[in-house]
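Reader: I am new to this one. Please show me the structure, and then let me ask how the terms are earned.

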Amino acid sequence: MSGGAVSTCRLDRLLANLGYGSRREIEILARHGRIKLDGAALREIGRVPLSPEFAARMTVDGEVLDPLPGLVVMMHKPLGVTCSHKEAGPLVYRLLPERWRRRDPAISTVGRLDKETSGLLLLTDDGALLHRIISPRKKIAKIYRAKLDGALNGDEAAVFASGAMMLEGEDKPLLPAGLEVLGPSEARVTIVEGRYHQVRRMFAAVGNHVVALHREALGGLKLDEDLAPGEFRLLDAKEIAAIFLSPAGEPS
Ligand code: URA
């Protein structure tokens, strides 16, 4: 926060919204001395500052408090999990700590990756930020590495960049997209839209087939190289700001 007043929240509401239990259950936790501030039991349910500095001084059952509302998570989405709250089968939300799934506001994925796409996935409980990132007006670059069934024919970069490419079943051409050849049947693709199965359908439109798809970056934010599939970490303010930069790290 930059100099402004820090907002406050009743402790029972804060902990209930972070998924620790109902407000009644939080009251019982406090009464039993299980909530501590600077190591001393915090039995009084009063208002507390909503600041990371204050939160860092609190523990519940000996563990530091979960991240305050406003979190942004970088996840290395593995193959085979779905970006959905309710579909059958493995879901990305199951990769987060169990308590985080009971938070209010809830954590949502920032856009979606297909079940069979891996790579950089953001999740947040900040609805305004989520909408800023997925807003078509922001034209945030999404960078994918695609492995293809067939060899590239050399025309793809021009077709993708044309601004005239039509996807089957759609009536509006795609905005220009970038293609960098990485190998005979491998390419890096940069798109600024988020149409359904966009990269797979772009290659289908030029007679090829994507066999593996991995998102490497969003704007100026790259997936950590040492984050294994299924792992995640929180982003700091500078990293969140990088999402709105160009892939080269410049204002876009
Ligand atoms: N394009 C696709 O085809 N799939 C994704 O998951 C993302 C972009």
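**Domains, ligand and one arginine**

Author: The C-alpha centres of domain 1 and domain 2 lie 26 Å apart. The contact between them takes five residues from domain 1 and four from domain 2. Contact means heavy atoms within 4.5 Å. This is a predicted model, where local features need pLDDT of at least 70, side-chain atom pairs count only at pLDDT 80 or more, and totals for chains, interfaces and linings use all residues. Residues are numbered from 1 along each chain as its sequence is written, and side-chain values use heavy atoms, with hydrogens and water left out.

Reader: Where do the domains of the protein chain run?

Author: Domain 1 is 8-64, domain 2 is 72-136 + 220-242, and domain 3 is 142-218. These bounds come from an automatic or database domain assignment.

Reader: What makes the area between domain 1 and domain 2 "buried"?

Author: Buried area is the accessible area (1.4 Å probe) that two parts lose on being put together, summed over both. For domain 1 and domain 2 that is about 480 Å², with 40% of it on carbon and sulfur atoms. Asn17, Leu18 and Gly19 supply 75% of the area that domain 1 buries against domain 2.

Reader: Which residues surround the ligand?

Author: Leu113, Asp114, Thr117, Tyr144, His197, Gln198, Val199, Arg200 and Leu213. A residue is near a molecule if one of its heavy atoms lies within 4 Å of it. Domain 2 and domain 3 each give at least three residues to this shell.

Reader: Why is the contact of threonine 117 with the ligand called polar?

Author: A polar contact is a pair of N or O atoms within 3.5 Å; within protein, one must be able to donate a hydrogen and the other to accept it, and residues adjacent in sequence count only if both atoms are side-chain atoms. A polar side-chain atom of threonine 117 lies 3.0 Å from an oxygen atom of the ligand, so the pair falls within the limit. A polar backbone atom of histidine 197 is 3.2 Å from an oxygen atom of the ligand. For glutamine 198, a polar backbone atom is 3.4 Å from a nitrogen atom of the ligand.

Reader: How do you know that arginine 188 and glutamate 216 make a polar contact?

Author: Their side chains are joined at 2.7 Å, so this pair also meets the 3.5 Å cut-off. Glutamate 216 is among the contacts of arginine 188 when neighbours within four places in sequence are left aside. Tyr144, from the ligand shell, is another contact of arginine 188.
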